[in-house]
Amino acid sequence: MLHEWEFAAHRHARLHQILLIERGGGQASLEGRSYPLRPMRVVNVPVGHVHGFSFKRGTQGFVLTMATEMLDEVLTPAEGLRRVLAQSTVVRGTASMRNAMGQIFAEFAGRKFASAQLRGALCAALVGMVA
């Protein structure tokens with residue numbers, strides 16, 4: 001394992017991340033606060049927020065990393081999602097979130113015609129569900 005299941009506290013200047021834990025778990029450190037991670041938990045890590053992880057060996061899930069430009073494209077300003085997504089947090093995941101993550105990664109792997117359009121739409125749906 002590349003990082004031995006540990007990711008020291010760090011931040012990303014222009015990236016927003018959403019993690020979904022499918023199996024296993026561990027601890028998340030978000031802006032100095034500790035959160036337990038269990039299956040079907042979703043972690044929202046906004047641009048510039050300090051975060052780190054300590055995962056149990058064998059933990060599986062998804063990590064979606066979006067450039068701020070992508071987030072700007074998928075957010076509808078009038079709905080106020082930016083304010084909600086600007087908070088680091090761990091929320092209960094849903095089957096719909098899991099399905100959206102799976103579809104995003106399938107589209108990325110497939111690289112078929114209109115894949116970028118579909119990924120953008122799926123990312124928009126996912127950030128709406130997380131918010």
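Contact here means heavy atoms within 4.5 Å. I'm writing that down at the top, since I start with a contact list. Also for the record, this is a predicted model.

**Entry 1: isoleucine 18 and the cores**

I looked up what isoleucine 18 touches, skipping its neighbours within four places in sequence. The list has Val42, Val43 and Asn44, then Phe62, Val63, Leu64 and Met66, and finally Met101, Leu126, Val127 and Val130.

Next I checked the largest nonpolar core, which has 20 residues. Ile18 is among those with the most contacts inside this core, along with Leu64, Met66, Met101, Leu126, Val127 and Val130. Where do the core residues come from? At least two each are supplied by E2, E7, helix H1 (68-74), helix H2 (81-85), H3 and helix H4 (115-130). H4 gives the largest share, five residues. Apart from this core I found another one, of twelve residues, including Leu19, Leu30, Tyr35 and Val43.

**Entry 2: glutamine 17**

I moved on to glutamine 17, which sits in strand E2 (residues 15-23). Is glutamine 17 buried or exposed? Its relative accessible area is 10%, and buried means under 20%, so glutamine 17 counts as buried.

Which side chains does the side chain of glutamine 17 make polar contacts with? One is histidine 12, at 3.5 Å. Another is histidine 51, at 3.4 Å. Leaving out residues up to four places away in sequence, I noted that glutamine 17 touches His12, Val43, Asn44, Val45, His51, Val63, Leu64 and Thr65.

**Entry 3: strand E5**

I kept running into residues from the forties, so I looked up strand E5 (residues 41-45). Five of its five residues are buried, so the strand is largely enclosed by the rest of the structure. Arg41, Val43 and Val45 point one way, while Val42 and Asn44 point the other way.

Then I checked the pairing. E5 runs antiparallel to E2, with five bridges between them, and leucine 20 stands opposite valine 42. E5 is also joined to strand E8 (residues 89-92) by four bridges, again antiparallel. There, valine 43 has valine 90 as its bridge partner.

**Entry 4: an open sheet**

I traced an open sheet of four strands in the order E1-E6-E3-E4, with antiparallel pairing. Why is one side of E1 and of E4 left without a neighbour in the sheet? Strand E1 (6-10) and strand E4 (33-37) stand at the edges and have a single partner strand each, so one side of each stays free of a neighbour there. From one strand to the next, the twist averages 15°.

I also zoomed in on strand E3 (residues 26-30) and strand E6 (residues 51-55), which are joined by five bridges. Serine 29 stands opposite glycine 52 in E6.

**Entry 5: aromatic rings**

How many aromatic pairs does the structure hold? I got three. Phenylalanine 53 and phenylalanine 55 are stacked, 5.4 Å centre to centre with 10° between the planes. Both of these phenylalanines are buried.

Phenylalanine 62 and phenylalanine 105 form a tilted pair, with 5.2 Å between centres and 40° between the planes. This pair links distant parts of the chain: phenylalanine 62 is in strand E7 (residues 60-67) and phenylalanine 105 is in helix H3 (residues 95-110), 43 residues apart. Phenylalanine 62 counts as buried at 14% relative accessibility, whereas phenylalanine 105, at 32%, counts as partly exposed.

Last note of the day: ring pairs link Phe7, Phe53 and Phe55 into a cluster.

Definitions and conventions:
Residues are numbered from 1 along each chain as its sequence is written. This is a predicted model: local features need pLDDT of at least 70, side-chain atom pairs count only at pLDDT 80 or more; totals for chains, interfaces and linings use all residues. Side-chain values use heavy atoms; hydrogens and water are left out. Buried means under 20% relative accessible area, exposed over 50%, partly exposed in between (1.4 Å probe, protein chains only). A polar contact is a pair of N or O atoms within 3.5 Å; within protein, one must be able to donate a hydrogen and the other to accept it, and residues adjacent in sequence count only if both atoms are side-chain atoms. Rings of Phe, Tyr and Trp (its six-membered ring) pair if their centres lie within 6.5 Å; planes under 30 degrees apart count as stacked, over 60 as edge-to-face and the rest as tilted. Two strands pair if DSSP finds at least two bridges between them. Axes are lines fitted to C-alpha atoms, for helices over the stretch in contact, and angles run from 0 to 180 degrees between N-to-C directions. A nonpolar core is a set of buried Ala, Val, Leu, Ile, Met, Phe, Trp, Tyr and Cys residues joined through side-chain atoms within 4.5 Å.
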